Amino acid sequence: MMSYGYKPELSEGAIKCPIFLTSTFVFKSAEEGKAFFELAYGKREKNPGEEMGLIYSRINNPDLEILENRLRLWDEAEDCAVFESGMSAISTVLLEFLKPGDLLLYSSPTYGGTDHFINHFLPKIGVHTLGFTSDMEEQELTDHIKASGMSHKLAHVHLETPANPTNSLIDVTMCRRVADQFVTADKPVTIAVDNTYMGPLWQHPLKLGADLVMYSATKYIGGHSDLIAGAVLGNAENMGRVKTLRTFLGNMASPHTGWMLLRSLETLKIRMEAMQTNAIHVANFLNEHSKVTAVKYLGLIKEGTRDYDIYKRQCSGPGAMVTFFIDGGEKEAFKFLNSLKLVKLAVSLGGTESLAEHPKSMTHAGVADEHLAHIGVTDALVRLSIGVEHYEDIIWDISQALEEVKIEKQVTA
Ligand SMILES: Cc1ncc(COP(=O)(O)O)c(C=O)c1O
């Protein structure tokens, strides 16, 4: 993560990749410019040993290329594209792999912004959408798709696992088997997984049968709550499509963001490991607390359950996102959030500082109420993103904020 893909001799010996704040690149000759464009537009295959040259920062830029090459390593992907936000990564994939009349299958809950794009934008361009929940087993899911009457149109599957904010798990390999039943001679069914919650460290969806993996790089990859970015990874063919649409939507990350992400990658692993260690302590503390009715954390899934089996097959660690239900409702949840002193009351996740939020009224406010109830996003649910502070400080803060919450028990005569 510190040197891969960067050649100091191309940048006056600078030990770190400089920020290439330039819109365009000077060609050595008109012939060279023509050759670069032939490759950029796929007019011919590369000659042996030929590399794609730098043209224009909407198409390619050294900071983004080096970043993409480094990100590829985590997921062992053939190619990567970085975007100006996680939402632009996700929406570009949905737009590229779906067309009017197609059916999209998606796991629910999903991040509120993604849910909005799926349920409010895609129908406007004639894409049909069908949600499913983590409790559905293989046959049930297959029947659910058939019952939609649109199974012959299934073209793309969007999965988010673990799901934001409930930490519920979707079996990616099972979804691959289900999706493959609906492949026809003229139509593949692609699967894209939003891997934001696990970051590039704790889960590798391409190895589980997904075609594409997507990230809000704003979260763990950026990791310092100071930028917005996204990434998509997959095989060369699918990424060729994603990169082409990115070129024409013009939603690539800026060179400055690319440079900041390069710096973040150097500490990605140690940051994420420190956060996870802290999260395990926090989850165990909450699990024993009398004002907490339940904790949703991957590290607390009971052995022998279906979820435990999925967790063990898919994830190499429980991560740093802890969701819990406070004893009470919105009033008690808000009292807790307003009483925090060290943990910041803010949306987003995966940054060095611990954050707390109330999904029902904040990140998932746009999701229909009856749907929120169905997926277990209640007034009592609080989401924590655990940072790199000392875990005793985080627990001290959570403990004192819970002390401030007065639970009013109904007294029955
Ligand atoms: C799981 C998940 N996916 C995608 C996004 C969207 O990413 P961005 O805010 O970088 O556009 C978020 C943001 O919170 C998220 O939590």
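Here is a short talk about how some terms are applied to this predicted model.

Colleague: What should I know before we start?
Modeller: The model is predicted, so local features need pLDDT of at least 70 and side-chain atom pairs count only at pLDDT 80 or more, while totals for chains, interfaces and linings use all residues. Residues are numbered from 1 along each chain as its sequence is written, and side-chain values use heavy atoms, without hydrogens or water.

Colleague: Why do you say that the side chains of R241 and E96 meet in a salt bridge?
Modeller: A salt bridge needs a side-chain nitrogen of Lys or Arg within 4 Å of a carboxyl oxygen of Asp or Glu. For R241 and E96 the N to O distance is 2.8 Å, so the pair fits the definition. The pair links distant parts of the chain, with R241 in helix α8 and E96 in helix α3, 145 residues apart.

Colleague: What makes R241 count as partly exposed?
Modeller: Buried means under 20% relative accessible area, exposed over 50%, and partly exposed in between (1.4 Å probe, protein chains only). R241 has 34% relative accessibility, so R241 is partly exposed. E96, at 22%, is partly exposed as well.

Colleague: How do you know that the span of α8 agrees with what is expected?
Modeller: Helices are DSSP runs (H or I, at least four residues), numbered from the N terminus. The expected span is 1.5 Å times one less than the number of residues. With 14 residues, α8 should span 20 Å, and its end C-alpha atoms are 20 Å apart, so the two agree.

Technical notes:
Helices (H or I, at least four residues) and strands (E, at least two) are DSSP runs, numbered from the N terminus.
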